[in-house]
Each structure stands twice: as C-alpha cells, then as structure tokens.
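Me: I have a chain on my screen and would like to go through it with you. Could you take my questions one at a time?

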Amino acid sequence: MRLSRMKTSLCLVAALFATACASWDQPLALAVCGPVKLELKYKSDGHLDTAYIVARHAGWDAADAAELAFYTQAPDDFAAAYSAPSGTARLLALQFERAHLLSSVLHSLHGGGTDDVAHRQRVLAQMLGEQTSIWDDPARQGERWKAGFLVHALGDSYAHVWGINQNQAGSVAYNPIAGHIPDGLVRGDPDNIDANFPNYARYVRALFAALDRGDGDGQALEAYLADVERAVAREAGGADGVTTALIRSTSTDDYRMGGRLDCPAWTARMDYERGVRPFLQQIEARLG
C-alpha cells in the first residue's frame with residue numbers, strides 16, 4: 001500500500017510536467033494534421049512550419065513535405081509519449097532510460113560543450129540525409145517518422161544551446177534536467193525564433209542541405225530567411241507576433257492539398273517500444 005501511494009505521488013508530481021499519468025503511453029491526437037491550422041499545444045513555427053517550408057524549397061512535393069512536418073512536430077505534440085517535459089516527468093517516475101532518450105537524444109538537451117554541439121549537429125544531419133535518400137522506397141514508408149524525429153532533434157540541437165545566439169565557441173547545450181527554462185526566464189525563450197534568429201538561420205540551412213536531393217532552390221531559401229530576418233527586426237521594434245505569423249502564413253499559403261491528411265495511419269507507425277526506442281538508441285550510438 002505504501003509503495004502504491006508513493007507511485008501515485010510520483011505520478012501526480014510528474015503530471016505537473018506532462019499529460020495525465022493514465023496516458024503515459026497513449027499518444028495524444030494532434031489538434032491538427034499538417035501545416036493547415038494553428039491550434040497546437042506547443043509553438044509550431046520552428047518545427048512543423050519550418051520543416052514544411054524548407055522541404056518545399058528542397059524540392060519536396062506538398063504531400064511529402066506535410067508528412068515530414070507532421071512527424072517533425074510529433075515529439076512535441078504527442079506530449080505524454082515524447083515531449084521534453086515528459087522526459088523530466090519520467091525521470092521523477094524513475095523511468096531513467098526513457099527520460100534520457102527523450103530529453104538528451106530526441107530533444108538535444110544533453111549538456112555538452114561546443115564540440116559536442118557541433119558533433120551532434122553533423123551526425124544528425126548525416127542521419128537525416130540517409131533517411132531522405134530512402135524516403136521514396138515503398139518498403140520503408142512505415143519508417144518515415146524517423147526522418148521527422150531527426151529533423152526535430154536537429155532543430156533542437158541549434159535552439160537548445162545556452163544563452164541566446166550562443167551557438168558558437170564557448171557554447172554549451174542545456175542540460176536534461178532543467179532544460180532551457182531558467183535561462184529562458186532571464187534571457188528569453190530560445191525556442192522563439194525572433195529571439196534566436198542566427199541559430200534558426202543556421203538550422204534552416206543545415207536542414208535544407210540534408211533534405212535536398214538535387215532539385216532544391218537555394219536562392220528561394222535565402223529569400224525566405226531574408227523575409228524572416230526582416231520580420232525579426234520588426235518584432236524588435238515592437239511589432240509583436242510578426243515572425244511567427246510570417247512563418248505560419250508561408251506554410252499555410254503554400255499548402256494546397258485537398259482534404260485532411262492521413263494522420264491516423266501516420267500515428268500508428270509510431271510505437272515507442274517497437275520503433276522509437278530502438279531508433280533513439282541507434283541515434284545515441286551514432287553520436288558516440
């Protein structure tokens with residue numbers, strides 16, 4: 001009985017950081033599917049919308065770009081199963097391995113120094129390039145979520161670095177316990193693109209290089225980044241929300257597929273024990 005009470009208490013504490021305890025292993029349904037609407041539990045501009053936009057500039061068609069964007073957003077929006085707060089909650093619940101794989105690997109909250117950050121970015125980009133090369137393989141379509149998870153980890157490897165715009169010599173990644181919450185309270189949230197544009201631009205260019213299969217439009221990509229930079233400047237001048245609005249409108253204005261996306265089928269492909277866990281272990285092994 002005492003052990004049961006202790007487990008209940010841990011679960012209640014964990015619930016402060018993630019979704020209800022009863023849904024530990026039940027991914028929540030995304031509020032939307034693909035870059036169509038904006039009602040998402042976490043900020044989507046840096047993951048969902050950016051992945052879609054960059055994939056389109058890299059030569060992907062709208063349907064494939066939307067599927068990639070769905071999987072890129074999944075580690076945040078399937079909150080109970082895969083989010084960074086869930087990683088913290090699972091640490092409190094003594095689920096040490098899963099806490100580590102979610103926080104340190106998937107969300108790049110690894111606490112490493114400059115060399116570790118740069119190494120991680122190179123390895124993740126290389127692995128994403130490998131997934132890009134097999135995206136159209138009919139026998140591997142059930143594994144497409146891996147590309148999106150790599151995009152998420154790559155984006156976080158640029159954003160989750162200590163101190164705004166500190167992805168340079170002397171920088172360190174945020175640790176898996178506190179993440180970027182303390183620093184965000186003082187310096188600003190590194191997940192906000194308007195507060196962290198230089199890192200965002202580096203990420204976008206790295207993502208483009210990994211997704212480009214030879215028919216990408218680098219000039220269009222740079223024009224997009226110039227638009228975002230101008231929006232960031234307006235934001236600094238007091239025009240709240242223009243950066244996010246620009247990025248979201250860029251993705252939604254482009255997206256013209258009729259009907260809803262096949263979210264149930266895509267969701268069914270993601271299974272923690274049979275797929276996600278082994279893949280995160282594989283990423284960790286490649287990182288060394």
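Me: What is the accessible surface of the chain, and what share of it belongs to carbon and sulfur atoms?
Reply: Happy to help! This is a predicted model, where local features need pLDDT of at least 70, side-chain atom pairs count only at pLDDT 80 or more, and totals for chains, interfaces and linings use all residues. Residues are numbered from 1 along each chain as its sequence is written, and side-chain values use heavy atoms, with hydrogens and water left out. With the Shrake-Rupley method and a 1.4 Å probe, where for residues only the protein chains shown count as cover, the accessible surface of the chain comes to about 12,800 Å², and the carbon and sulfur share is 55%.

Me: How many helices and how many strands does the chain have?
Reply: Both are DSSP runs numbered from the N terminus: helices are H or I with at least four residues, strands E with at least two. From the N terminus on, the elements run α-α-α-α-α-α-α-α-α-α-α-α-α-α. The count is 14 helices and 0 strands.

Me: Which helix gives the most to the largest nonpolar core?
Reply: A nonpolar core is a set of buried Ala, Val, Leu, Ile, Met, Phe, Trp, Tyr and Cys residues joined through side-chain atoms within 4.5 Å. Buried means under 20% relative accessible area, exposed over 50%, and partly exposed in between (1.4 Å probe, protein chains only). The largest core here has 65 residues, and those with the most contacts inside it are Tyr82, Leu128, Tyr200, Leu211, Met270 and Ile283. The helix that gives the most to this core, with 10 residues, is α10 (residues 197–211).

Me: Which residues does Leu211 touch, leaving aside those up to four places away in sequence?
Reply: Contact means heavy atoms within 4.5 Å. On that basis, Leu211 touches Val54, Ala55, Ala58, Trp60, Leu68, Leu128 and Thr132.

Me: How do the axes of α11 and α12 run, roughly parallel or roughly antiparallel?
Reply: Axes are lines fitted to C-alpha atoms, for helices over the stretch in contact, with angles from 0 to 180 degrees between N-to-C directions. The axes of α11 (residues 218–236) and α12 (residues 242–254) come within 8 Å and cross at roughly 150°. Angles under 35 degrees count as roughly parallel, over 145 as roughly antiparallel, 65 to 115 as roughly perpendicular and the rest as oblique. Therefore α11 and α12 are roughly antiparallel.

Me: Where is Arg144, and is its side buried or exposed?
Reply: Arg144 is in the loop between α7 and α8 (145–159). Leaving aside residues up to four places away in sequence, Arg144 touches Asp64, Glu67, Tyr71, Trp135, Asp136 and Arg269. With a relative accessible area of 9%, Arg144 is buried.

Me: What is the phi of Ser108?
Reply: Ser108 sits in the loop between α6 (96–106) and α7 (114–133), and is buried, with a relative accessible area of 0%. Most residues other than glycine have a negative phi. Ser108 has a positive value, near 55°.

Me: How many Å separate the C-alpha atoms of Arg248 and Ser44?
Reply: Arg248 lies in helix α12 and is buried, with a relative accessible area of 18%. Arg248 and Ser44 are 204 residues apart along the chain, and their C-alpha atoms are separated by 8.3 Å.
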